[in-house]
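Reader: I would be glad of a close look at one part of this model, please. Could you take me through it step by step?

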Amino acid sequence: MEKSIHINRPFGKVGLWACLGLLLFIGAAEAVVHIKPVQAQLLAPGTANMSRSFDIQLDRLNARVEQGERIDCIFIGSSRVLHGVDPNAIRKAYSNITGSDFKCQNFGVLGMGMKGSAETAGLLAKLYHPRLIIIGTGFMDIGVGLPDNAIAESPIVRYNSGDFNFDGWITSSSLAFRDYLAEISYLAIDNAHTQNDFLLYNSTKPDGFLPLNGHKADNLQNWNNLNAHNKIKTVFTRSVKKILALKKENTQILFIEMPLRTSTFKAVPHAGGYRRVFEDGINSVLQNSGSQMWLTQDLNIVPESGWYESNHMNVDGAETFSTWVGEQLGQAVKDGSLILPEGSQTNP
Amino acid sequence: MSITSLAFAGFVLAVLMLYYVLPGKSQKFLLLAASYIFYISWDWRFAITLALVTVFNFFFSRSLRQLRSQETAPSAGGRSKKGKRLLWLGILINLAALLFFKQSGFFLHGFQALLSRLGFPNQIGILEILLPVGMSFYILQAISFLVDTYQNQIPATVNFMDLALYLAYFPKLLSGPIERAGSFLPKLSERVVVDNQRITESITRILIGLVRKIVIADVLAARIPANFFSSPSTFSSIELIFWWIAYIISLYNDFAGYTSIARGVSGLFGIELSPNFDNPFFSTSITELWNHWHMSLSQWLRNYVYMPLSRYMLRFNQSGRYLPNIIVPALVTMVLSGLWHGESWNFVLWGALMGIWIAAERIRTVYRPAGENLANLPPWHPRRIFSWAGFLIVIFLIAIPFKFDIANSIVFWRSLVTNWFPPPSLLGWRLPLIAFIPAIFIDWIQFGKHDELIFIRWKPIVQSVLLALCVLLIFLAFHAEPPQQFIYQGF
């Protein structure tokens with residue numbers, strides 16, 4: 001079996017032309033998707049394997065930074081943050097106290113727990129270098145949130161945390177590719193319900209806030225099975241530690257409890273006990289870390305009329321709560337109990 | 001190591017680089033070592049099974065050849081039956097090995113059901129035996145080796161390494177094509193030059209295969225609703241038709257894609273593998289369909305089951321119009337084909353239906369005078385329309401047992417007839433409809449020119465555009481849907 005390779009020149013011209021054509025096409029596609037009117041026609045870019053809610057938030061944040069805005073603070077958490085934190089109200093209240101501007105971005109992602117928040121905080125700290133990262137949390141976040149593992153394992157998060165991978169590199173580098181991911185996810189939708197969910201987040205405001213109007217009837221049965229919340233989980237503790245490690249990157253970290261509607265909290269069996277488990281768990285990690293946890297449940301900041309349902313604030317409740325956050329932040333910065341670094345925000 | 005993975009691409013490149021620099025004889029060692037490394041990457045136990053099958057068949061074939069040479073010597077006075085008995089023993093041992101791994105569940109489940117029905121307590125535990133990937137393919141090749149040895153169609157110089165490479169050759173190891181020993185083994189001794197033409201053809205085959213697998217088959221397979229196969233009654237007739245077509249196109253492109261990649265990779269080593277598909281959906285009869293679908297299996301079955309059985313039947317009645325001579329070989333062949341595909345009664349039933357249909361077509365050809373051949377009738381003739389409708393139904397039948405058991409098959413057909421309500425949503429059809437475009441394009445172009453590599457005969461500029469488009473589509477589709485395992489890899 002004597003075989004040998006015999007290549008006669010010229011060979012590979014078709015391949016070379018194809019490579020050239022491919023490069024031209026990719027370049028052209030990249031240029032086209034950067035044109036503003038074209039961007040306006042496209043869906044918010046995707047990041048693969050994550051929730052649509054995450055993609056929209058990343059797009060909103062990116063858009064603000066690209067417009068030259070300096071983002072001082074990013075508020076990360078679940079849908080309780082998404083619907084309950086109004087960055088504009090924080091800015092006003094903060095400004096009233098300190099007299100200086102303070103721009104915040106809401107990065108609430110549907111279903112995201114502490115593990116997802118930690119990965120997201122790592123990504124955003126690396127890409128946007130905010131002065132302050134606020135984690136909106138509560139005893140409901142002791143377990144792993146629905147999109148948490150997908151976020152942790154997604155190529156873009158792994159790539160930005162130092163684990164080089166081609167998909168992460170191209171997702172971080174190419175807007176055309178991210179646009180493709182969004183469009184293909186949309187095409188893959190097979191029913192109207194999912195399509196509505198997909199498009200729902202399009203109403204998210206440029207500062208990441210998605211307000212809810214009015215009220216919705218509560219279903220307390222959803223709160224009956226909270227046994228999983230009676231013990232602090234290792235993944236929760238590890239995630240909090242991971243977030244605290246970001247202080248080395250010149251970013252201050254603050255934890256704020258996202259409250260539940262008081263009437264619901266009182267009606268849920270053992271809610272007080274679960275909350276104590278959460279409080280003890282997080283405080284044990286925060287000890288000597290220089291970061292604080294602001295507890296809000298007992299303060300009754302949001303009146304009954306400020307709730308959309310038991311878990312989420314409506315637009316009025318969000319304004320009330322965010323104003324309180326802004327005032328507290330302003331006061332803490334003013335009296336020196338919260339020190340914000342200068343930060344070194346750069347465009348990603 | 002899946003053959004669509006980057007790891008496999010790296011593996012092939014590394015082996016190729018060594019292959020081109022090594023002298024002739026060492027190349028076989030390299031290919032054999034690479035094949036076993038590839039197989040071990042799936043499971044080391046698979047490699048042991050393959051090695052045992054190889055050793056057994058090598059020594060068995062030597063005994064067979066020795067006996068045959070004694071029998072065919074002038075002094076022996078012609079054939080005796082000893083050689084044939086030995087051949088049968090070898091075939092049965094190979095089949096027993098396959099049955100042990102593949103069909104044990106089928107027979108043991110059946111045996112257990114029978115015992116339960118007779119009132120015996122459930123005392124036997126069903127063995128969970130891991131079927132080595134690709135075993136169904138290499139066992140058929142081992143049988144081919146024994147038969148071809150017996151028939152003196154293989155050079156007497158075939159050594160252990162040739163046989164080991166014939167069975168283990170990694171491009172065809174997992175899902176074929178099933179090569180006939182008599183035609184494959186001589187290739188290992190030929191001097192083949194891997195030149196511009198061969199490289200171009202091989203890369204084209206690999207690209208076509210990747211498009212078929214990643215752009216068409218995987219996208220379609222991922223979009224088929226999860227409950228489509230478990231509860232077909234919840235779908236409207238239109239949805240059942242649409243998703244079933246999507247599944248058949250996915251199944252075809254999955255396997256055709258694998259074969260194309262395997263042939264392309266093998267071509268880079270200068271070893272030509274047999275084609276497995278020839279645009280089967282342009283066939284005009286089931287007989288023709290099976291001559292164009294999984295051709296290497298069809299040829300194996302024709303050479304080693306259908307033809308010997310037909311010859312055997314003709315001993316009793318030499319008339320080609322004698323019905324048992326027409327029906328029995330077709331029926332037995334297709335039932336065996338069904339059993340090869342899967343260890344369940346629906347595959348047996350499917351094989352029987354295919355066998356009956358093929359026999360019916362043969363009867364029609366034999367009994368109808370040539371002038372009344374369907375092909376001579378106008379396309380709108382009721383008999384041609386009826387024939388087409390029947391053909392479409394059978395095409396529909398082809399993939400049924402891959403996904404449905406008998407009960408669900410019945411539900412599927414009943415729902416197809418009764419569920420004529422509008423589909424609740426057509427949103428899910430968008431991606432499959434996009435995937436249909438390259439599926440139709442590739443087959444249409446290949447069939448139109450009767451040339452699977454027609455694309456490399458086009459103008460260079462068109463080839464460049466097409467090549468760029470293929471690479472782009474493969475990349476994009478790879479990121480649209482998670483890669484799926486090859487369907488035929490499970491056999």
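Author: What follows is a walk through chain B, from its overall build to its contacts and one group of charged residues.

A word on the ground rules: this is a predicted model, in which local features need pLDDT of at least 70, side-chain atom pairs count only at pLDDT 80 or more, and totals for chains, interfaces and linings use all residues. Residues are numbered from 1 along each chain as its sequence is written, chains are lettered from A and ligands numbered from 1 in the order in which they are written, and side-chain values use heavy atoms, with hydrogens and water left out.

Let's begin with the build. Chain B has 20 helices and one strand; these are DSSP runs, numbered from the N terminus, with helices (H or I) of at least four residues and strands (E) of at least two. Of its 491 residues, 53% are buried, where buried means under 20% relative accessible area, exposed means over 50%, and partly exposed is in between (1.4 Å probe, protein chains only). Taking contacts (heavy atoms within 4.5 Å) in chain B between residues at least 6 apart in sequence, 74% join residues at least 24 apart.

Chain B falls into domain 1 (6-191) and domain 2 (197-490), with bounds that come from an automatic or database domain assignment. Where they touch, domain 1 of chain B brings 36 residues and domain 2 of chain B brings 31. Together the two domains bury about 2,900 Å², and carbon and sulfur atoms account for 65% of that; buried area is the accessible area (1.4 Å probe) that two parts lose on being put together, summed over both. Between these domains there are zero salt bridges, a salt bridge being a side-chain nitrogen of Lys or Arg within 4 Å of a carboxyl oxygen of Asp or Glu. Polar contacts do occur there: 13 residue pairs, both at pLDDT 80 or more. A polar contact is a pair of N or O atoms within 3.5 Å; within protein, one must be able to donate a hydrogen and the other to accept it, and residues adjacent in sequence count only if both atoms are side-chain atoms. On the domain 1 side, H1, helix H6 (135-150) and helix H8 (170-173) of chain B each supply at least two residues, and H6(B) gives the most, with eight. By class, that side has 23 nonpolar, seven polar and six charged residues. Here Ala, Val, Leu, Ile, Met, Phe, Trp, Tyr, Cys and Pro count as nonpolar, Asp, Glu, Lys and Arg as charged, and the others, Gly among them, as polar.

Chain B also meets chain A. That contact takes 41 residues from chain B and 31 residues from chain A, and the area buried between the chains is about 3,000 Å², 66% of it from carbon and sulfur atoms. B:Asn196, B:Arg430 and B:His479 supply 18% of the area that chain B buries against chain A, more than any other three residues. This interface, too, has zero salt bridges, while six residue pairs are in polar contact, both at pLDDT 80 or more. Several elements of chain B each give at least two residues to the side facing chain A, among them helix H10 (196-223) and helix H19 (430-449). H20(B) gives the most, with 12 residues. That side divides into 22 nonpolar, 11 polar and eight charged residues.

Now for the charged group, which lies within chain B. B:Arg198, B:Arg205, B:Arg263, B:Glu272 and B:Glu452 are linked in a network of salt bridges. One of its residues, B:Arg263, lies in helix H11 (residues 237-268) and counts as buried because its relative accessibility is 8%. Leaving aside neighbours within four places in sequence, B:Arg263 is in contact with residues including B:Arg205, B:Glu272 and B:Glu452. The side chains of B:Glu272 and B:Arg205 meet in a salt bridge at 3.5 Å, N to O. This pair links distant parts of the chain, 67 residues apart: B:Glu272 is in the loop between H11 and helix H12 (286-292), and B:Arg205 is in helix H10. At 32% relative accessibility B:Glu272 is partly exposed, whereas B:Arg205, at 7%, is buried.
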